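Colleague: I would be grateful for a close look at a single part of this model, namely its largest cavity. Which residues line the largest cavity, and what is its volume?

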Amino acid sequence: MTKIYYGCDHVPRGWGRYFALCNAVELKLSGYEKRPTTETLNRWRVDSPKGFAFVLHVDEAVSGGLVRLGDANKSELDDRVRKGWQSTLESAHALAARAIYLKTPLSFSPNPSNRALISAFAKELANTQKAVVIWESEGMWPVEDTRDFAESLGMAYAIDPFVAERDAIAMTHGDACFVLTERAGLRREFDAYDIELLQEWSQSYNRVFMLLRGRFQWKHARELHDALANH
């Protein structure tokens, strides 16, 4: 049976209310005014319900480092990226994170050197630990080819499943990440039928991380909570 983790990208009303609604959270530690300490991360882990999933963004030295190396047409990692990954792993260990998240920006285009950097990241760093490593790319990376490329490297690729369905991209197997946000040119809010589709598409996978973003993320979290509770 597929395990579905769903959560938002911030916790504005405190962890107690959040834990009652979601079973995952997307964490970008650099987004905090004061970066949480290891002791704080440990406390979050201890206070979280059994089975809760922390999805931790990589240290900026990793994501920014890949962009920096790509801009210089480099195809191999350097020690600054490796150090950033070690920092990421320390935070992931404190949280017992179930997934580690890498997002590359628009400027990180699908050229040969950047593809080589992603391959090096996966082979040298991402495949050395148990947490699922998820990659989200912005820009001109073709969804189906990039999804297959990421999976060949042992990573999950973040997709908008509604766009994938529109473009007739098959849902495959293993671990998946669905990024659910306001959809340009489509309806802004999900209804009961959309939630049913998400559950149906999820059955192709072992685990699905559904990351809720945008203005309606809390509404969608409530709908997913109620649908999964009655599933």
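Modeller: What follows describes the largest cavity and then, for context, a pocket and a helix pair elsewhere in the model. The model is a predicted one. The structure contains 1 cavity of 30 Å³ or more, and the volume of the largest cavity is about 60 Å³. Its lining is formed by Arg147, Glu151, Ala156, Tyr157, Ile159, Thr172, Asp175, Ala176, Cys177 and Tyr205. At least two lining residues come from each of helix H6 (143-152), strand S6 (156-159) and strand S7 (175-180). Sorted by class, the lining of the largest cavity comprises 6 nonpolar, 1 polar and 3 charged residues.

The second largest pocket has a volume of about 260 Å³. Of the 19 residues that line this pocket, Lys3, Ile4, Tyr6, Asn23 and Leu228 lie nearest its centre. Strand S1 (3-8), helix H1 (15-21) and helix H9 (217-229) each contribute at least two residues to the pocket lining, which divides into 10 nonpolar, 7 polar and 2 charged residues.

As for the helix pair, helix H3 (residues 60-71) packs with helix H5 (residues 112-125) at an angle of about 145°, their axes being 9 Å apart. The crossing of H3 and H5 is right-handed. On the H3 side, Val62, Leu66, Leu69 and Gly70 make the contact, and on the H5 side Ser113, Asn114, Leu117, Ile118 and Phe121 do so. The residues of this contact of H3 with H5 are 6 nonpolar and 3 polar, with no charged residue.

Methods. Residues numbered from 1 in each chain as written. Predicted model: local features only at pLDDT ≥ 70, side-chain atom pairs only at ≥ 80, totals over all residues. Heavy atoms only, no water. 1 Å grid on protein atoms, 1.4 Å probe; cavity = no way out; pocket = protein on both sides within 12 Å on 5 of 7 lines; lining within 4 Å. Points joined across faces, edges and corners; volume = space filled by probe spheres on them. Helix = DSSP H or I, 4+ residues; strand = E, 2+ residues; numbered from the N terminus. Nonpolar A, V, L, I, M, F, W, Y, C, P; charged D, E, K, R; others polar. Axes fitted to C-alpha atoms, helices over the stretch in contact; angles between N-to-C directions. Left-handed = near helix turned anticlockwise from the far one by under 90°. Contact = heavy atoms within 4.5 Å.
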